[in-house]
Amino acid sequence: MIQIWFVLGIVIISVNGEQTINASCECGIAGYNRRIVGGTTVQPHQYPWLVSLMLGPKLHCGGAIITDAHILTAGHCITFGVHYRDLTVLVGMHDRLDSTYLTMKVTNGIKHPHFTSNAVRDINDIAVLTLDKKLRFSDKVRPICLPDNNFDFRTIPLTVAGWGKTRQGALTSSRYLLETKVQIVTSDRCRKSAIYRDNLVPDTMMCAYSLGKDACQGDSGGPLFSTHRKTFNKKWYQVGIVSWGIDCAMPDYPECGRPTTVSMRIVGGRRAVPHSFPWTVAILKNDRMHCGGAMITTKHILSAGHCFKWDNFKVMEVLIGLDNMDNLKNVEKRNISSVVIHEAFTSTAVRDENDIAIATLNIPVKFSDTIVPICLPEVGEDFTSRVGTIVGWGRVGVEKSSSKVLLKASLGILSDEECMKSQLSQHLKPTMMCAFSKGKDGCQGDSGGPLLVLQPEGKYVQAGVVSWGIGCADPRYPGVYTKVSNYIDWIMRHSADGIRCKN
């Protein structure tokens, strides 16, 4: 195991009332996806070491077989609210609709002991997963080789492959395994971009790029690999692991891997890719971050009741299509003409009940690449044990200031029973839900923002509204959210005059 860290540590890729419907758009489509761009379909089982890591029905990451019991992937694939036990490994797959592949469970996952992350990049982004059963090698299932220290891949075309999404805004991942060729880029060239100059660690990262070709969402953790003349090009070696990067297949942003996020009331989060959650809005009061919200129609914002109960909405401003508070170019600004707070809203010193509100904009907006409404869940839909995402610009700690950029964090959604076992139990109601992951939470300023869940068909739905909690990221007190699925009829009734997208 020590040798694996040494060898790959220096070669990691930096790689129902009546409602107007706009049938030309779809709600809940994320504005950013990681996928193989500019790729071509691989011959079936051409790369028998490739596996996909699934989070429920969703393609989460890639990986490579290195022994009959171990998968090499990225450390960030088992971080930020995702535990290795949450994953299943699909082995020997080419066509995702063909059921002849093996489905394996993971019994252990070890990240590099020095794995660290900031809002942009991951360092020592490597992990080894242990499978629950030994693999039987065949033409369809085979490990990839690890290179010797003296192998030089700088002038050799490299392959990156995966089942990730194939174009910006695609709803689903690729059906077939795709590959593309990239070339290693020198650290000096990679550092011409300011964001890489400040975040690239040459000893443990490398950049690879080819114009119009790249790896994106769903390909994270997958291998960057190649043959080598020292073995007469007969064996394939893993050169790197898809780790992080900025956007997909963009000039001057070579493949270093994976973007990240942090947010409004969000502690322990990471930088969200700009406009990747294009329904999220910032509600300012006297030019300061006040609350979050989510677009549900061209003129309606879903938020929390407590955001308006004791404050005058007439002094508030809504920023729509926003990413960075310091860059308001192309951001739509609106005032609020009216607010409806749920008629059964009540509040105590600790908690708010029926904490939901709809704010109406004074002038509707037009949907675009950076302004998209969020989908609503089904009536009574249950999200227990799902992974939720919170986003916003709120404080990044109890005593800290608001974030300038949109942040995100992944949280595990608890069952009602698990929620009631917490120290919040005496304050909880059936209309509330809890979510928690160690070191992550929403904080002041994130109130009213959405708790999002990615559905199998590739759309986000709003499962909750950030409501209340005690402290921030305190393990004794999970964050509490208003259950949106309990209020669908109320939401539809009070937003009936807005234009929404089809679900």
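## Strand β3 and its partners

In this predicted model, both faces of strand β3 are covered. Leu50, Ser52 and Met54 are buried on one side, and Val51, Leu53 and Leu55 are buried on the other. The strand spans residues 50-55, and 6 of its 6 residues are buried.

Two strands pair with β3. Strand β4, residues 58-65, runs antiparallel to β3 and is joined to it over 6 bridges; within this pairing, Ser52 stands opposite Gly62 of β4. The two strands form a hairpin with 2 residues between them, and Gly56 in the turn has a positive phi of about 65°. Strand β6, residues 87-91, also pairs with β3 in the antiparallel sense, over 5 bridges. In that pairing, Leu55 of β3 faces Leu87 of β6 as its opposite residue. Strands of a sheet pair through backbone hydrogen bonds, in either a parallel or an antiparallel sense.

## The six-stranded barrel

Strand β3 belongs to a barrel closed by 6 strands, in the order β3-β4-β5-β10-β7-β6, with antiparallel pairing. From one strand to the next, the twist averages 40°.

Elsewhere in the barrel order, strand β7 (residues 102-111) pairs with strand β10 (residues 127-131) in the antiparallel sense over 5 bridges. Asn108 of β7 stands opposite Thr130 of β10.

## Nonpolar cores

The largest nonpolar core comprises 51 residues, and those with the most contacts inside it are Trp279, Leu302, Phe308 and Ile491. A second core of 39 residues is separate from it and includes Leu50, Ile71, Val91 and Ala161. Leu50 of this second core is one of the buried residues of strand β3. In soluble globular proteins, nonpolar side chains tend to be buried together.

Which residues does Ile491 contact, leaving aside its neighbours within four places in sequence? The contacts of Ile491 are Ile296, Leu302, Ile356, Ile358, Leu376 and Val484. Of these, Leu302 is itself among the residues with the most contacts inside the largest core.

## Buried residues and positions separated in sequence

Met289 lies in strand β18, which covers residues 288-295. Met289 counts as buried because its relative accessible area is 19%, and the limit for that class is under 20%. Its C-alpha atom is 8.8 Å from that of Asp446, although Met289 and Asp446 are 157 residues apart in sequence.

Leu177 is placed in the loop between β11 (158-162) and β12 (178-185). With a relative accessible area of 3%, Leu177 is buried. The C-alpha atoms of Leu177 and His45 are separated by 8.9 Å, while the two residues are 132 residues apart along the chain.

## Salt bridges

The whole structure contains 7 salt bridges. One of them joins the side chains of Lys134 and Asp68, at 3.7 Å from N to O. This pair links distant parts of the chain, 66 residues apart: Lys134 is in the loop between β10 and β11, and Asp68 is in the loop between β4 and β5 (70-73). Are the two partners exposed or partly exposed? Lys134 is exposed, at 64% relative accessibility, whereas Asp68 is partly exposed, with a relative accessible area of 27%.

A further salt bridge is formed by Lys285 and Asp311, whose closest N and O atoms are 2.6 Å apart. Lys285 lies in strand β17 (residues 280-285) and Asp311 in the loop between α4 (306-309) and β20 (316-320), so the pair ties together parts that are 26 residues apart in sequence. Lys285 is partly exposed at 25% relative accessibility, and Asp311 is likewise partly exposed, with a relative accessible area of 23%.

## The Glu332 and Arg334 pair

The side chains of Glu332 and Arg334 also meet in a salt bridge, at 3.0 Å from N to O. Glu332 is partly exposed, with a relative accessible area of 31%. Arg334, in contrast, is buried, with a relative accessible area of 13%.

Methods. Residues are numbered from 1 along each chain as its sequence is written. This is a predicted model: local features need pLDDT of at least 70, side-chain atom pairs count only at pLDDT 80 or more; totals for chains, interfaces and linings use all residues. Side-chain values use heavy atoms; hydrogens and water are left out. A nonpolar core is a set of buried Ala, Val, Leu, Ile, Met, Phe, Trp, Tyr and Cys residues joined through side-chain atoms within 4.5 Å. Buried means under 20% relative accessible area, exposed over 50%, partly exposed in between (1.4 Å probe, protein chains only). Contact means heavy atoms within 4.5 Å. Helices (H or I, at least four residues) and strands (E, at least two) are DSSP runs, numbered from the N terminus. Two strands pair if DSSP finds at least two bridges between them. Axes are lines fitted to C-alpha atoms, for helices over the stretch in contact, and angles run from 0 to 180 degrees between N-to-C directions. A salt bridge is a side-chain nitrogen of Lys or Arg within 4 Å of a carboxyl oxygen of Asp or Glu.
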